Amino acid sequence: MSYISAAGAPTYHCQGNTLTKLIAPSTGAQEVMAWRDRLEPGAGSALHLHDHEELIVVITGECVARIGRMEMILTVGDACLIPAGATHQITNRGIEPWECITVMPVGTQFLLPDGSETPPPPWTL
């Protein structure tokens, strides 16, 4: 069993995003990893994809999710399952911070749209 205190969880900053590691191999996870993602207004993720599914559950604010050719608004309480291999991007076009919990299998690859692999981000290790 792993218990991660919100006050003691490591936090990382990346292009207007604040990512807080919750569950990862370094916290004892063997199969799933999870983190809290906070996007400031105007911030967003780069266009990317993964070799496994990604689940996001919105806990505050509103964002625009672009998944493949689809675009949708995600707001508090919404859940979105992004298929493996789908290019996607999340952008906070609102006036408040947007936050979600993201869950993926341990070992998920982070890929650029051209298929090249990027190093795993520290909140997933």
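Let me start with a term: a residue is partly exposed when its relative accessible area falls between the buried range, under 20%, and the exposed range, over 50%. Keep that in mind. This is a predicted model, and today's topic is its salt bridges.

There are four of them in the structure. I'll walk through three.

Start with R38 and E40. Their side chains form a salt bridge at 2.8 Å, N to O. How accessible is R38? Its relative accessibility is 29%, so R38 counts as partly exposed. E40 is partly exposed too, with a relative accessible area of 29%.

Next, R36 and E99. Here the N to O distance is 2.6 Å. This pair links distant parts of the chain. R36 sits in strand β3, residues 32-39, and E99 sits in strand β10, residues 98-105. That is 63 residues apart. Now, is E99 buried or exposed? E99 has 10% relative accessibility, so it counts as buried. R36, at 34%, is partly exposed.

Third pair: E71 and R93. Their salt bridge spans 3.8 Å, N to O. E71 is in strand β7, residues 70-75, while R93 is in the loop between β9 (88-91) and β10, so this bridge ties together parts 22 residues apart in sequence. Both ends are exposed: E71 has a relative accessible area of 51%, and R93 has 56%.

Which residues are joined into one network by salt bridges that share partners? R36, R38, E40 and E99.

One general point to close. Side chains of opposite charge can pair when their charged atoms come close.

Conventions:
Residues are numbered from 1 along each chain as its sequence is written. This is a predicted model: local features need pLDDT of at least 70, side-chain atom pairs count only at pLDDT 80 or more; totals for chains, interfaces and linings use all residues. Side-chain values use heavy atoms; hydrogens and water are left out. A salt bridge is a side-chain nitrogen of Lys or Arg within 4 Å of a carboxyl oxygen of Asp or Glu. Helices (H or I, at least four residues) and strands (E, at least two) are DSSP runs, numbered from the N terminus. Buried means under 20% relative accessible area, exposed over 50%, partly exposed in between (1.4 Å probe, protein chains only).
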